[in-house]
Amino acid sequence: MSSTHNEIVQRLSDALGIERSLITPDITFVELKIDSLALVEFSVILDEEYGVPPLQLTPDSTIGEAVALVEAAMSSRTEVSS
């Protein structure tokens, strides 16, 4: 797993009180019982932490998809500033 994945799992666990062992790349937010308001809150946390715009996450998005979106946003932000 990437360091970004591990960091995001930690943020999710800290912010929403979810046991880290439950947060796998293929689990969806709905399977973690994260409602849409908590999902928006988590997206804002990722924005503040990584400086990426709020992500287009849905309850059916997986943790792996969220990690990929953050990594892509960080990559494009790095390319723009280069």
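**Note on a predicted three-helix chain**

1. Lys33 has a relative accessibility of 74%, over the 50% cut-off, and therefore counts as exposed. This residue belongs to the loop that runs between H1 and H2. Its backbone deserves attention in this predicted model: Lys33 is not a glycine, yet its phi is positive, at about 65°.

2. The overall architecture is helical. The protein chain contains three helices and zero strands, and read from the N terminus its elements follow the order α-α-α. The radius of gyration is 12 Å, close to the 12 Å that the globule rule gives for 82 residues, so the chain is as compact as a globular protein of that length.

3. As to outer dimensions, the C-alpha trace spans about 40 × 25 × 20 Å along its principal axes. The protein chain has an accessible surface of about 4800 Å², and carbon and sulfur atoms account for 55% of that surface. Of the 82 residues, 37% are buried.

4. The contact pattern may be considered next. When contacts between residues at least 6 apart in sequence are taken, 55% of them join residues at least 24 apart.

5. What makes up the interior? The largest nonpolar core comprises 22 residues, and those with the most contacts inside it are Leu12, Phe29, Leu32, Ile34 and Ile63. Three helices each supply at least two residues of this core: H1 (3–16), H2 (36–50) and H3 (63–81).

6. Which residues does Ile63 meet beyond its neighbours within four places in sequence? Its partners are His5, Leu12, Ile23, Thr24, Pro25, Ile27, Phe29 and Leu32. Among these partners, Leu12, Phe29 and Leu32 are also listed, together with Ile63, as having the most contacts inside the largest nonpolar core.

7. Is His5 buried or exposed? With a relative accessibility of 7%, under the 20% cut-off, His5 counts as buried. The residue is part of helix H1. Residues up to four places away in sequence being set aside, His5 touches Ile23, Thr24, Pro25, Ile63 and Val67. The contact with Ile63 thus appears in the partner list of either residue.

8. Ser43 is located in helix H2. Its relative accessibility is 5%, under the 20% cut-off, and so Ser43 counts as buried. Beyond the neighbours within four places in sequence, the contacts of Ser43 are with Pro54 and Leu55.

9. Leu22, like Lys33, is found in the loop between H1 and H2. Its relative accessible area is 49%, which lies between the 20% and 50% cut-offs, so Leu22 is partly exposed. Setting aside residues up to four places away in sequence, Leu22 touches Ile27 and Leu32. Leu32 is one of the residues with the most contacts inside the largest nonpolar core. Leu22 and Arg11 are eleven residues apart in sequence, and their C-alpha atoms are separated by 14 Å in space.

10. Finally, how many charged side chains of each sign does the protein chain have? There are 4 positive and 14 negative side chains. The centres of these two sets are 5 Å apart.

Conventions. Residues are numbered from 1 along each chain as its sequence is written. This is a predicted model: local features need pLDDT of at least 70, side-chain atom pairs count only at pLDDT 80 or more; totals for chains, interfaces and linings use all residues. Side-chain values use heavy atoms; hydrogens and water are left out. A nonpolar core is a set of buried Ala, Val, Leu, Ile, Met, Phe, Trp, Tyr and Cys residues joined through side-chain atoms within 4.5 Å. Buried means under 20% relative accessible area, exposed over 50%, partly exposed in between (1.4 Å probe, protein chains only). Helices (H or I, at least four residues) and strands (E, at least two) are DSSP runs, numbered from the N terminus. Contact means heavy atoms within 4.5 Å. The radius of gyration is taken over C-alpha atoms; the globule rule is 2.2 Å times the number of residues to the power 0.38. Accessible areas come from the Shrake-Rupley method with a 1.4 Å probe; for residues, only the protein chains shown count as cover. Lys and Arg count as positive and Asp and Glu as negative; His and the chain ends are not counted. The place of a charge is taken as NZ of Lys, CZ of Arg, CG of Asp or CD of Glu.
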